[in-house]
Each structure stands twice: as structure tokens, then as C-alpha cells.
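Colleague: Got a minute? I'd like to go through this structure with you.

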Amino acid sequence: MNPDAQERHAVKVARIVAQLRAHTNGKPLSLRKKAVSHQVPKPGDLRHRDDKIDISDLTEILEIDPVRRVCVAESGVTFVDLVAATLAHGLVPIVVPELKTITIGGAVAGCSIESMSFVRGGFHDTCRAYEVITAKGDVLHCTPENEHALVFQMVHGAFGTLGILSKLTFELVPAKKYVHLRYERYTTLADYQAAIADHAERRDVDFMDGIIHSPQLYVLAAGRFVDRAPYTNRYDWVKVYYTSTARRFEDYLETPHYFFRYDRGVTNVRPKSFVGRLLFGKLLASSEWLRIAEKVHFLLPREKPTVTLDVFVPFSKVPEFLAWYERELDFYPLWCVPYRRVHDYEWLTDGYWKALGDEMFLDLAIYGMKQRGPRNAHRMMEEKLRELGGIKTLISHNYYPEEEFWQIFNKPNYDAVKQLVDPDNAFRDLYTKTCKAAMGKV
Ligand SMILES: Cc1cc2nc3c(=O)[nH]c(=O)nc-3n(C[C@H](O)[C@H](O)[C@H](O)COP(=O)(O)OP(=O)(O)OC[C@H]3O[C@@H](n4cnc5c(N)ncnc54)[C@H](O)[C@@H]3O)c2cc1C
């Protein structure tokens, strides 16, 4: 790595360490990043009142090695900047979440999936090393092989409760200038799942995700990198990507426009009207909406909040899950991303993995469902997933009782790492942060 970049990074780390060591008042800590947070905004989220550790200058790409196809970058680098920089070398990150300003640190500490997940899992599954700053200001170098292997595995999905990610090393893959998409339409779930399984086995496409427009229309977007395109489309102003998948049979996008095709909202594109998008669509991307929601979070409804969440359903259980979903909730479209089980994550219990027979999940995402029934849809979802061996990501509203939560998430592994990186609980524990503080409960 360039010594100047290394030096600049060391100065930033020293500043973060000094902030951590100066924090002695016992108040919970959370992070101030430069980019907006992509957590589903919740009313009264206590993180707004926390003391902050400022990591907003961790935004530099420290090294791109085109020969080893590896990148080293600070945790606040956004995927839009990363894709631009790596494409200059003909490379891209292996898993690129769809929203431009998701950061690489946030993608590891929270969650990250994309249309390459059917081969490689999440962005974290493409990472080789993390630099983690503990609550006491120690700096750990963590890899899957060294003495901090468990820290390496557990920071994924720990939502910043197991220290601060300051630097990440991750793999890149060769890219081409364009992505050619074919939209395969299916009228039954069985045919849809068979097509997904077939592409996943044959590996005949580079990208795969889809939109379930209704229980009668399932679209699979199968993409490949190509060098030439007869035309290109982009979906960052008036055109809406997800609706185009029901009308078109194929499409060509420049590679960055492909990665960020959902940046105006996945299926909850705003402004909703054509005229609204014509006037304001260029100015209002996902980051702007999230910033507005953060500012007025206290105005959001506390009871039965609108549902924006994603769930991982074992592939064999998808028919049962979607039959239940249609009966109970019946809200479409759904975004779906096939996700390979590339590693039995240490943050889930051993019992969870033993009971799971599937090698693939289907991640299903709901954006902006208003709750209508007598029961809270978030909680209904938690219960159904429990029954089917699915997992709900913790970015949204969470209603798990604590005992149930720790039957899913691996408490012995979590506690072992917590003891090392944050023994005084400065960052809260995972349950308290995601199921209580985020929900406005002390
Ligand atoms: C509307 C919406 C749409 C989304 N769409 C997609 C999508 O298309 N694809 C996808 O993969 N994901 C999507 N997500 C999920 C998103 O990728 C995750 O929420 C991700 O964790 C957000 O990263 P961020 O950089 O915004 O981090 P933040 O939201 O700021 O942080 C996420 C968590 O990680 C912690 N954290 C952040 N940075 C660090 C760090 N450096 N060290 C330690 N902890 C840290 C924070 O404290 C927080 O608890 C979406 C989320 C929302 C709300």
C-alpha cells in the first residue's frame, strides 16, 4: 500500500482511538458516518441521543491491486465511489448493494445482498480482512485464519456492537462496460424456482434477481456482462426499473447504472407520479429521502409501522412461505434475490444450521406495506420465519422477546467476542440495540 495512504489512515485511526479513550461518562455510543444510514427509520430510535464517535473521515480507497484483484479501503467508502474507482481498472466488487451510498463498513456491520449473491453470498463473504477498533481503543487485525477469526466472523451483522470497522480488504472481479439483462417471465412459483435453481447450477449468468409482481407474474432478471450494447437505458430519473421488468423482454445498462438501478427506490420509487419524477426525480435519490426521514423520525407512526424489511427464506420453504404471505398479507411487488449458503455463519446458533437442509435462500424484500390487519405484520413475520427456518434481517422494526432472539442468534459466540472488544458494553449489545433502543425502548 502507498505509504502516504497508510500514514493518512493511521492518523484517522489515532483520532478515533483518542475519542474512544476520552469517553468515560458511560452513555451509549454510536457512530457518526459521512454517508446517510440505510436503516429503516424508526420513531424515537435512541441512537439519535447517543454520544457519537466521529468516523466521517474514513472515506478513502487505500489500494486497488489489479493483479491480485484485491481492494483495501476505509469503512466509510460508498459503493458508488468504489464502483467508479475499481471500474477504472476493469474490476468491480463482487457483491454491490443497490443503493449508491451504502458504505462497505455498513454493508458488513448490517447486511448486504445483491444479484451476485446466488454465487458468493453477501459482500462480507468476499472480504479477506478487517481492521477493527475496540471500545477501549485497541486496533485488531482480523482474518478468517488468525487469532481474531471469531471477531472477523462475528462483526458481520453485529450492527456496530462489536467495535468499529475502520479498514476492509476484499476481492474484486473483472467487469465489462455493460450489463445485458433478459427478463424471464413465469406464471407459477414452481417454474420460477426451477429457473433460479437451473441458472444457479449452470452458472450461465453473472447476475440474478427478480420481481414478484403478483402471485401470477414472476420475473427473473438474468444479467451478463457484455462489451457492446445496441442501446442503453438508465433508471435514475423518470423511468422506473422494477416496472420495466414487467414490460420489457431485455435491456442494456451501463455497468454502474445496472448496479444502482434501484437507487430511486426498489419497489417504492418516489416521487410516485411521472410529473413528480420529471420535476424532482433527478434531485431526490434514496439518500435524500433517508436523510429527510432521519430528521423527522419522531413523526413516524409508533403503532403498526409501515413494513419495509427483508427476509431470508430457505429455498425449499418458499412455496409455504409465499402461500402464507398471500393469505395473510397479500402485498406486492416483492423484490427477490437468490442467496447461496456459502458459509454457516457463526452468528447463528449451531442448532439453526443443523436443522437447515437448503443450500440456497431466497431473500424477499417488502418495501412500504401499510399494515391493515389486527396483528402487527412484523411480529407475524418473525413467528412464521421461526417456524420455517428463515431469518429476518435486523435493519427494520424488531419485536423479538429476548429469549427467542437468542435462540436464533448465537449468544456464546457473541458474548465471547463482546468480552474482548467491548467488555463495558459501550456500544450496547445486539439485542438491546436492534430490538429495544432502535424501537425507542430504554
Ligand atoms: C430503504 C432501504 C433499502 C435497502 N436496500 C438494500 C439493497 O438494495 N441491497 C442491500 O444489500 N441492502 C439494502 N439495504 C440494507 C443496507 O444494506 C443495510 O442496512 C446496511 O447495513 C446499510 O449500510 P450503511 O452504510 O448505510 O450503514 P448504516 O445504516 O449507517 O449502519 C448499519 C449498522 O452498521 C453499523 N455500522 C456502520 N458503519 C460501521 C462501521 N464502520 N463499523 C462498525 N459498525 C458500523 C451502524 O452502527 C449500524 O448499526 C437497504 C436498507 C434500507 C433502509
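Modeller: Sure. Keep in mind that this is a predicted model. Let's start at D330. D330 has 12 other C-beta atoms within 10 Å, so D330 is exposed.

Colleague: Why does 12 make D330 exposed?

Modeller: Because a residue with 12 or fewer such neighbours counts as exposed. D330 has 12.

Colleague: Where is D330 in the chain?

Modeller: D330 sits in the loop between α11 and β14. That is just after α11.

Colleague: What about the backbone of D330?

Modeller: D330 has a positive phi of about 50°, although it is not a glycine. Most residues other than glycine have a negative phi.

Colleague: Which other residue has a positive phi of about 50° although it is not a glycine?

Modeller: R203 does. R203 lies in the loop between α6 and β10. R203 counts as exposed because it has 9 C-beta neighbours inside 10 Å.

Colleague: Now cis peptide bonds. Where is the one that leads to P333?

Modeller: The bond runs from Y332 to P333, with omega near 5°. P333 is in the loop between α11 and β14.

Colleague: And the one that leads to P271?

Modeller: That cis bond runs from R270 to P271, with omega near -10°. P271 lies in the loop between α8 (255-259) and α9 (274-280).

Colleague: Back to α11. Which of its residues are buried?

Modeller: The buried residues of α11 (residues 318-328) are V318, F321 and Y325. Seen down the helix axis, they fall within an arc of 65°, so they line one face of α11.

Colleague: What is on the other side of α11?

Modeller: A323 and R327 are there, and they are exposed.

Colleague: What covers the buried residues of α11?

Modeller: The cover includes α6 (189-202), β13, β15 and α13 (377-388).

Colleague: Let's do the sheet. What is the strand order?

Modeller: The order is β12-β9-β11-β10-β14-β15-β13-β16. This is an open sheet of eight strands, with antiparallel pairing.

Colleague: Which strands stand at the edges?

Modeller: β12 (250-254) and β16 do. Each has a single partner strand, so one side of each is left without a neighbour in the sheet.

Colleague: What holds paired strands together in general?

Modeller: Strands of a sheet pair through backbone hydrogen bonds.

Colleague: Take β13. Is it mostly covered or mostly exposed?

Modeller: β13 (residues 307-314) is mostly covered. Six of its eight residues are buried.

Colleague: How many bridges join β13 to β15?

Modeller: Seven, and the two strands run antiparallel. D310 has A365 in β15 as its bridge partner. β13 is also joined to β16 (residues 391-392), by two bridges. There, F312 stands opposite I391.

Colleague: And β10, how many of its residues are buried?

Modeller: Six of the eight residues in β10 (residues 207-214) are buried. Seven bridges join β10 to β11 (residues 217-226). A hairpin of two residues links β10 to β11.

Colleague: What stands opposite G210?

Modeller: In β11, L220 does. In β14, C336 does. β10 and β14 pair in the antiparallel sense over three bridges.

Colleague: How many bridges are there between β9 and β11?

Modeller: Nine, again antiparallel. One pair there is Y183 opposite A221.

Colleague: New topic, the ligand. How many residues surround it?

Modeller: 32 residues do. The closest are G105, G106, A109, G110 and G160. β1 (29-32), α3 (104-109) and β8 (164-174) each give two or more residues to this shell.

Colleague: Which element gives the most?

Modeller: α3 does, with four residues. By class, the shell has 17 nonpolar, 12 polar and three charged residues.

Colleague: What about T161, buried or exposed?

Modeller: T161 is buried, with 27 other C-beta atoms within 10 Å. T161 is in the loop between α5 (149-154) and β8. Beyond its sequence neighbours within four places, T161 contacts residues including D422, F427 and K433.

Colleague: Last one. How many residues are in the largest nonpolar core?

Modeller: 108. The residues with the most contacts inside this core are V108, V132, V151 and V155. Leaving aside neighbours within four places in sequence, V108 has contacts that include F123, C127, V155 and L165.

Note on methods
Residues numbered from 1 in each chain as written. Predicted model: local features only at pLDDT ≥ 70, side-chain atom pairs only at ≥ 80, totals over all residues. Buried ≥ 20, exposed ≤ 12 C-beta atoms within 10 Å, placed from the backbone. Pairing = 2+ DSSP bridges. Near = placed C-beta within 6 Å. Nonpolar A, V, L, I, M, F, W, Y, C, P; charged D, E, K, R; others polar. Arc of directions from axis to C-beta. Contact = placed C-beta atoms within 7 Å. Core = buried A, V, L, I, M, F, W, Y, C linked by C-beta atoms within 7 Å.
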